[in-house]
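Visitor: Can you walk me through this one? I'd like to begin with how the helices pack.

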Amino acid sequence: MMKNLGFVSTRFAGTDGVSLESEKWAIVLERLGYSCFYFAGESNRPNDVSYIVPEASFHHPEIIKINSIAFGHRIRPPGLTKEISRIKGHLKNHLKNFIKQFQVDILLVENALAIPMNIPLGLALCELIAESGIPTIAHHHDFFWERTRFMVNCVWDYLNQAFPPNLPFIRHVVINSSAAHQLAHRTGIASVLIGNVMDFFRESTGFR
């Protein structure tokens, strides 16, 4: 039986929606008997279940530089292609190590295949999933087409490839019906709707 789940995102820290919702999912999944592990650029999860790679964070200087060129310009400098490829390979190798180290059975990707805050990470995940066939749940909180700052870019080929990828090994989850409709309309990808939730008892009492 598949028991080890590998959460992947740019970060699992702070009060952003991805960090909060992934924590809620992990609580439920652990109660069901699964073990949860985390791959990210930043994380406040316990060290013994975390695998940190700084370049996976969208705050990393190299990723910030990539984004400053990728968005707002229509022609891609060859150097940008080379740099994205280099970091993609670096992250892909670490993702392989993460899966091996924690014997991950299923990947649970939190927004890293939906919005291009870290293009090399999305591409690395796409290639890894395509090459390994590892079962993956892609949990999409928001898409790049929902934010105007991503509309002018020189990386349309990357966006179409990995944000999100249409692969047979991935099951897609969205948080509202509008996102489900747009995903199907734009990409032909079917999805499951699981809305974000508020645990009022936990939020009001601090109980965990």
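Guide: This is a predicted model. Helix α2 (residues 61-70) packs with α3 at an angle of about 145°, and their axes are 11 Å apart.

Visitor: Is the crossing of α2 and α3 left-handed or right-handed?

Guide: Left-handed.

Visitor: Which residues make the contact?

Guide: From α2, they are E62, I63, I66, I69 and A70. From α3, they are L80, E83, I84, R86 and I87.

Visitor: How do the residues of that contact divide into nonpolar, polar and charged?

Guide: There are 7 nonpolar and 3 charged residues, and no polar ones.

Visitor: New topic, the sheet. What is the order of its strands?

Guide: The sheet is open and has 7 strands, in the order β5-β3-β1-β6-β7-β8-β9. The pairing is parallel. At the edges are β5 (50-52) and β9 (191-193), each of which pairs on one side only.

Visitor: And how are neighbouring strands turned against each other?

Guide: By 20° on average, with direction ignored.

Visitor: What joins β8 to β9?

Guide: Strand β8 (residues 170-174) is joined to β9 by 3 bridges, and the two run parallel. In this pair, H172 of β8 stands opposite S191 of β9.

Visitor: Back to α3. Which strands does that helix lie across?

Guide: Helix α3 (residues 78-101) lies across β1 (4-8), β3 (35-40), β5 and β6 (106-110). Its direction is at about 165° to β3.

Visitor: What about α4?

Guide: Helix α4 (residues 119-132) lies across β1, β3, β6, β7 (136-140) and β8. The helix runs at about 155° to β6.

Definitions and conventions:
Residues are numbered from 1 along each chain as its sequence is written. This is a predicted model: local features need pLDDT of at least 70, side-chain atom pairs count only at pLDDT 80 or more; totals for chains, interfaces and linings use all residues. Side-chain values use heavy atoms; hydrogens and water are left out. Two strands pair if DSSP finds at least two bridges between them. Helices (H or I, at least four residues) and strands (E, at least two) are DSSP runs, numbered from the N terminus. Axes are lines fitted to C-alpha atoms, for helices over the stretch in contact, and angles run from 0 to 180 degrees between N-to-C directions. Contact means heavy atoms within 4.5 Å. A crossing is left-handed if the near helix is turned anticlockwise from the far one by less than a right angle, and right-handed if clockwise. Ala, Val, Leu, Ile, Met, Phe, Trp, Tyr, Cys and Pro count as nonpolar, Asp, Glu, Lys and Arg as charged, and the others, Gly among them, as polar.
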